[in-house]
Amino acid sequence: MTPKKIALLTDSSADLRWETAEENNIFFVPLRILCRDGEYLDGVDIRGTDVYQRLHAGELPQTSLPRVEDFAAKLHEIFEKGYDGVIAVMLSSGLSGTYNLARLVAEECKEQGRAMAAFDSLSGSLGLGMTVLQLAEDIKKGMGWEELTQHRAPQLIANTYPFFTLDTLEYLQKGGRIGKVTAMAGTMLQIKPILTFAEDGQLQSIAKVRGHQQVMKKLAELVQNRKGAHRRFNLAVANGGSPEEMEKLREQVASLLPGWEHFWDGEIDGTLSVYIGDGVLGAAVQVLD
């Protein structure tokens, strides 16, 4: 039977505010962060601010997939609450094996007669969060299972464009997640790389700017260029240890791109913080038409 009551499932890298997730029937499985003093669950007992302290102290935590038992427990919770379909949108396969795990779990659900569709966001942080939140809006408006899984989810994934700036590439290099990002020495000159996700879900550098004001200007410009002539769109901003800067960026993006349908914000999760450190700003646009 076609599912009628649909839940959304994502992982802790979606960088959603917990209250926003609960209001929208969005469920999480936490990624794991392995530290010197033990294993922690991202968003449960460790967050970005905790990771920054460890990085500054010289520790380099590692990350790991959600536990299979956490996936199973969360799905059990979802189905026990009366949902008969689950749409899972997970952290980019270019950074993590979380999507592949979700895909395998979805196949098991199918064998058990339960409906679950798994998607690779090819993104993370605010890009992943926006996709899940817009799907929640679509579900509220009555969009059905087939439309959501066959058309809407792929369309949102293909038309969501996040951009980030980092203070340093040090942690990406040390963590082996450098992807398509070109290593550069510019910290002393305040040269900051701007990153996005490539088509294969890996991180890639697309620009270099100097100074905070130029960073915000460039992020807003990139979002504006991706929005283009489209009339229906969502916006988002995020930060990792830079909440005041994020608010300034939000104001700049909002003034440049009026007419948005939703404007979300979030804080960078612990998992991504392991690889990108603090001093992070992000902005994104999601085209709807």
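The mean positions of the 30 positive and 39 negative charges of the protein chain lie 5 Å apart. That value, like every other one here, is computed from a predicted model.

The overall dimensions come next. Along the principal axes, the C-alpha atoms of the protein chain occupy a box of roughly 60 × 50 × 30 Å. A compact globule of 289 residues would have a radius of gyration near 19 Å, and the 18 Å found for the protein chain agrees with that. Of these 289 residues, 56% count as buried. The protein chain exposes about 12900 Å², and 47% of this area is supplied by carbon and sulfur atoms.

The secondary structure of the protein chain consists of 10 helices and 13 strands. As for how parts of the sequence meet, consider contacts in the protein chain between residues at least 6 apart in sequence: 74% of them join residues at least 24 apart. Two buried residues, one in a helix and one in a strand, give local examples of pairs distant along the chain.

The helix example is Tyr52, which sits in α2, residues 48-56. With a relative accessible area of 6%, Tyr52 is buried, because the cut-off for that class is under 20%. Once neighbours within four places in sequence are set aside, the contacts of Tyr52 are Gly240, Gly241, Ile268, Ser273, Gly277 and Asp278. A further pairing is with Ile276: this residue is 224 residues from Tyr52 in sequence, yet the two C-alpha atoms are 9.7 Å apart in space.

The strand example is Val86, located in β6, residues 85-90. Its relative accessibility is 0%, so Val86 counts as buried. Not counting residues up to four places away in sequence, Val86 touches Ala7, Leu9, Leu75, Ile78, Phe79, Ala115, Met116, Ala117 and Trp145. Val86 and Ala118 are 32 residues apart along the chain, and their C-alpha atoms are separated by 8.3 Å.

Strand β7 covers residues 115-120, and the loop between β7 and α5 contains Leu122. The phi of Leu122 is near 55 degrees, a positive value in a residue other than glycine. Most residues other than glycine have a negative phi. Leu122 counts as partly exposed, at 28% relative accessibility.

Beyond this loop comes helix α5, residues 126-140. Its length can be checked against a simple rule: at 1.5 Å a residue, the 15 residues of α5 should span 21 Å, and the end C-alpha atoms are 21 Å apart, which agrees. Of the 15 residues of α5, 13 are buried, so the helix is largely enclosed by the rest of the structure. Just after α5, Gly142 takes a positive phi of about 95 degrees.

A positive phi also occurs at Asn25, again in a residue other than glycine, with a value near 55 degrees. Asn25 belongs to the loop that runs between α1 (18-23) and β2 (26-29). Its relative accessible area is 36%, which means that Asn25 is partly exposed, as this class lies between the 20% limit for buried and the 50% limit for exposed. Asn25 and Leu122 thus each lie in a loop between a helix and a strand, whereas Tyr52 lies in helix α2 and Val86 in strand β6.

Notes
Residues are numbered from 1 along each chain as its sequence is written. This is a predicted model: local features need pLDDT of at least 70, side-chain atom pairs count only at pLDDT 80 or more; totals for chains, interfaces and linings use all residues. Side-chain values use heavy atoms; hydrogens and water are left out. Helices (H or I, at least four residues) and strands (E, at least two) are DSSP runs, numbered from the N terminus. The radius of gyration is taken over C-alpha atoms; the globule rule is 2.2 Å times the number of residues to the power 0.38. Buried means under 20% relative accessible area, exposed over 50%, partly exposed in between (1.4 Å probe, protein chains only). Contact means heavy atoms within 4.5 Å. Accessible areas come from the Shrake-Rupley method with a 1.4 Å probe; for residues, only the protein chains shown count as cover. Lys and Arg count as positive and Asp and Glu as negative; His and the chain ends are not counted. The place of a charge is taken as NZ of Lys, CZ of Arg, CG of Asp or CD of Glu. The expected span of a helix is 1.5 Å times one less than its number of residues.
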